[in-house]
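Subject: Structure handover

Hi,

Here is the structure to look through. Please open it before you read my notes.

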Amino acid sequence: MSVVQSEMEGEVYFPSPEVIAQANVPDWEAAAEFARNDLEGFWAEQANELEWYRKWDKVLDDSNKPFFKWFTGAKVNIVHNAVDRHVKTWRRNKLALIWVSEDGKEERTFSYYSLNREVNRFANIIKAMGVTKGDRVTIYLPRIPEIVFAMLACAKIGAIHSVVFAGFSVDALRGRIDDSASKLVITADGSWINGKIFELKRTVDEAIKSCPSVENIIVVRRTGHEVPMEAERDHWYDDLCALPIANGKCVTEQLDAEDPLYILYTSGSTGKPKAILHTHGGYMVGTYTTLKHVFDLKDEDRWWCAADPGWVTGHSYIIYGPLILGATSFMFEGGPVYPYPNRWWQLIERYGISVFYTAPTAIRGLMRFGEAWPNKHDLSSLRLLGTVGEPINPEAWKWYYRVIGKEKCPIMDTWWQTETGMFMITPTPVVPLKPGSATRPVFGQEAEILDDSGNPVPDGEEGYLVLKNPWPAMLRTVYGDDERYVRQYWSKYPGKYMTGDSAKRDADGYFWIIGRVDDVIKVSGHRLGTAEIESALVSHPAVAEAAAIGLPHEVKGQAIHCFVLLRAGFAGSPELAEELRQHVSTHMSPIAKPEDIKFVDKLPKTRSGKIMRRVLKARAQGLPEGDISTLEE
């Protein structure tokens, strides 16, 4: 890539002729025009590259907006395209997954043939537990191969998986198990985090005390430390694998394209997380198409998405998308700086990773350690880089491009959401890049920046980001709450999908994402609801009321800052502030631990009692507070 003067505004990086020549979509304009002129034809063409038990009667059914349906009448199962079909081809002996433990002492590899065997085994076990089509299964596992097997096994038999990030604490896990009414929980004895054990099984035991729907718990041995096991309810996975019932073929269920695949909880501004529902057919087509177009994966590539399978990035681009493409995925149990800040670069060199996808917060964190660590390693296998989870600031983009990509790897800065299931605004390798911009909507999508009244704002001005067209991998509803789905996403601008993000567009049609407009804080790419954080604080006996805001942080993107009103009889102190920080960490997640807690006498509120977090944020940064006419006296 090269930076050249052009008619486009700002600093622009143009792809090399070599990148254009090998791209899966060499002509961006032609593909965009085809999708713009024939949305259904475009998606039908993509879907026809996959296998279906029965083809669709209709590509898009928009007769009951905003409850869109895709590929109606089709019969399919995402696992057929992710695993089954590859076993019938030369790919049966191709590596599907390479896994490395945190300490680097363990390596496990699975061909598509052996992956199929593991998925069959897990599916047989889940069926033996009485789980059938439509039942919910909560998966609370670390970054180990068994999380892949478990998710695929659920999908194979038509069960709905609900993966909970294995860093969430008791309360968060309990709420998700209870809301989904899961029949089965799949967990591990523990997980390794920076050389220490995180207690997963004990967290599950505590969480399910008030979850009557749970009948069985399957426990994978990972750390090997002793954990309590309740007879008849708790089962070691390796013991189950040794039973005759576990072995042999498990038939992949032929499902309707609109049958539910999974639910995944995402933080909302009202406190209770939203259970986002995705389905087999459209989600399959969306993740396959976007990964193929944006990251240009070839059979010889080694793909590493460094996210956790517990988030949507892991669902779409560690599990389903790469497997549908027949790619070789790399999975690492640990983080980027343990035991040293060269861990990732060491692994890229050792395993010949060619396409690497991570979060801006990780890039910013690694920048602090300087260039000497990555420069120790041969990173020449890399040909494409990517970012996900939050906007990347231009300085971090340039460091990533220069130091890691050696000025030859285009950076695919992707904007999307748990709700969208797939990339929504992103370049492809042939698109000229501007550091900090996610560039343009994917083929078939149109985006707008609107003001409060729904009018388009002029280029260069900030407004609400909306999406105009339905897309195959879109959420179908909030599980169990259709009314919330309509209210949250489709009511502010009828007929248009409200993303909840603010953004601006430049004169070249490039989109610049700014951040959340609702009460959600993005810490290191993880969405955390202010109401959940505040609820955790108020559950402490010293706290009467609390408000949480996100403030800019050079590494995390945003950091959580809290304002706390204490109950009578309590006095603020550094010791109490630290106790409250730990309380949030314990009751929600270590990710949610506040950066700072301030004790205050009152909080700015509207007359209806809504806390004005906008005002707190302005005060904290020394900025104008704007219109405060709605504040109570």
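The notes below cover one strand with its partners, then one pocket.

This is a predicted model, where local features need pLDDT of at least 70, side-chain atom pairs count only at pLDDT 80 or more, and totals for chains, interfaces and linings use all residues. Residues are numbered from 1 along each chain as its sequence is written, and side-chain values use heavy atoms, with hydrogens and water left out.

Strand β8

Helices (H or I, at least four residues) and strands (E, at least two) are DSSP runs, numbered from the N terminus. Strand β8 covers residues 136-140, and 5 of the 5 are buried, so the rest of the structure largely encloses it. Buried means under 20% relative accessible area (1.4 Å probe, protein chains only). Arg136, Thr138 and Tyr140 sit on one side of β8, Val137 and Ile139 on the other.

Two strands pair if DSSP finds at least two bridges between them. β8 pairs with β9 (residues 160-163) in the parallel sense, over 4 bridges. Ile139 stands opposite Val163 in β9. β8 also runs parallel to β10 (residues 184-188), again with 4 bridges. There, Tyr140 faces Thr187.

The second largest pocket

A pocket is an open set of points on a 1 Å grid where a 1.4 Å probe fits, with protein on both sides within 12 Å along at least five of seven lines; lining residues have an atom within 4 Å of a point. The second largest pocket has a volume (the space filled by probe spheres set on the points) of about 1400 Å³. It has 46 lining residues, and Gly515, Arg516, Val517, Gln558 and Lys617 are the closest to its centre. β30 (543-553) gives the largest share of the lining, 6 residues.

Best wishes

Terms used
Buried < 20%, exposed > 50% of the residue type's maximum accessible area, 1.4 Å probe, protein only.
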